[in-house]
Amino acid sequence: LNVIVTIINENDNSPVFTQTNITKILPEDTKVNTTIVAREDVTATDADLDTIYYELISTVQNTSDYFAITGITNPGIYLQKALDYEKFKFTTLLLYATDAPEGTSGTIHTATATINIIVEQADMKPPWFLPCTFIDTDKSICISGPYTGRVNMSEMSTEPLTLEPGPIYAIDPDYTLNEKIVYSIVSGNEDNVFSVDADTGNLTMNKAATAPDSYQLQVMATQVNNKQKYSVVTVEIKVINKSDHAPYFESGIYAGTVSVGLDPRSFVFQAGDPSSPLMITALDDDFPDV
């Protein structure tokens with residue numbers, strides 16, 4: 001008697017990942033659609049020879065839309081959104097492998113692999129002149145206003161000029177890189193009156209200004225390692241007549257009178273002369289005719 005026995009495979013094995021913990025370091029400027037974990041590195045096997053289905057989940061808030069798998073049965077992980085070092089520097093992904101699609105009745109076995117993603121800052125931004133104001137909620141763009149200063153006509157200062165709101169200064173906003181920045185005047189320096197120190201940004205004079213005109217200097221801050229990373233700011237230098245005298249009040253004491261119950265912005269009258277508004281005047285001997 002011949003007896004034929006057919007053994008029916010039972011789903012009694014779980015999928016197995018070759019690597020259950022993977023760490024990847026990604027430069028911030030990694031291009032979208034780049035494969036960051038190859039399929040073969042995260043493919044699970046099943047002794048029951050079942051088709052394996054995959055799902056990728058991020059454990060860190062607001063990072064789930066940056067990464068995706070190629071397909072439900074293809075676990076290769078790729079970048080689907082541009083990275084931003086300012087938004088997050090690290091995230092953890094969980095890759096689930098199951099031996100049956102979601103919603104299947106019966107026993108389903110699962111395996112998990114952990115993928116740690118470390119974002120490495122890249123040289124993405126041009127220099128920022130300080131102080132500056134952020135114009136976006138991501139704090140990725142910072143706009144600076146002009147610097148202003150003044151010099152006396154026909155007089156050459158030997159010290160760095162004092163500017164508002166502060167000295168010329170720029171930083172590399174990719175702060176972990178902190179590339180070296182150099183300064184130069186690119187326009188507005190008629191007659192070569194001014195110089196800027198390439199390393200410090202200090203603005204000095206080569207010679208005296210001889211006309212009562214303002215100088216609109218354009219100063220550029222450039223990264224030494226990449227001249228395409230630069231920013232330009234305006235530096236307005238006003239040329240004024242030298243002031244030898246301080247202004248002074250005509251009188252040391254002024255006296256006035258007001259009535260009770262006056263409306264706001266009503267005149268204050270001179271004490272003893274209720275028909276003449278009280279006037280406070282100052283003089284400056286540098287301007288005797290004013």
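In what follows, Lys and Arg count as positive and Asp and Glu as negative, with His and the chain ends left uncounted; each charge is placed at NZ of Lys, CZ of Arg, CG of Asp or CD of Glu. By that count the chain carries 16 positive and 39 negative side chains, and the centres of the two sets lie 4 Å apart.

Please keep in mind that this is a predicted model, where local features need pLDDT of at least 70, side-chain atom pairs count only at pLDDT 80 or more, and totals for chains, interfaces and linings use all residues. Residues are numbered from 1 along each chain as its sequence is written, and side-chain values use heavy atoms, without hydrogens and water.

Let us turn to the overall form. The chain has 24 strands and 0 helices (DSSP runs numbered from the N terminus: strands are E, at least two residues; helices are H or I, at least four). Its radius of gyration is 36 Å, well over the 19 Å that the globule rule gives for 290 residues, so the chain is more spread out than a compact globule (the radius is taken over C-alpha atoms, and the rule is 2.2 Å times the number of residues to the power 0.38). The C-alpha trace spans about 140 × 60 × 20 Å along its principal axes.

Now for a single residue. Asn 116 sits in strand S9, residues 110–120. With a relative accessible area of 14%, Asn 116 is buried (under 20%, using a 1.4 Å probe and protein chains only). The side chains of Asn 116 and Asn 21 are joined by a polar contact of 3.2 Å (a pair of N or O atoms within 3.5 Å; within protein, one must be able to donate a hydrogen and the other to accept it, and residues adjacent in sequence count only if both atoms are side-chain atoms).

Conventions: Buried means under 20% relative accessible area, exposed over 50%, partly exposed in between (1.4 Å probe, protein chains only).
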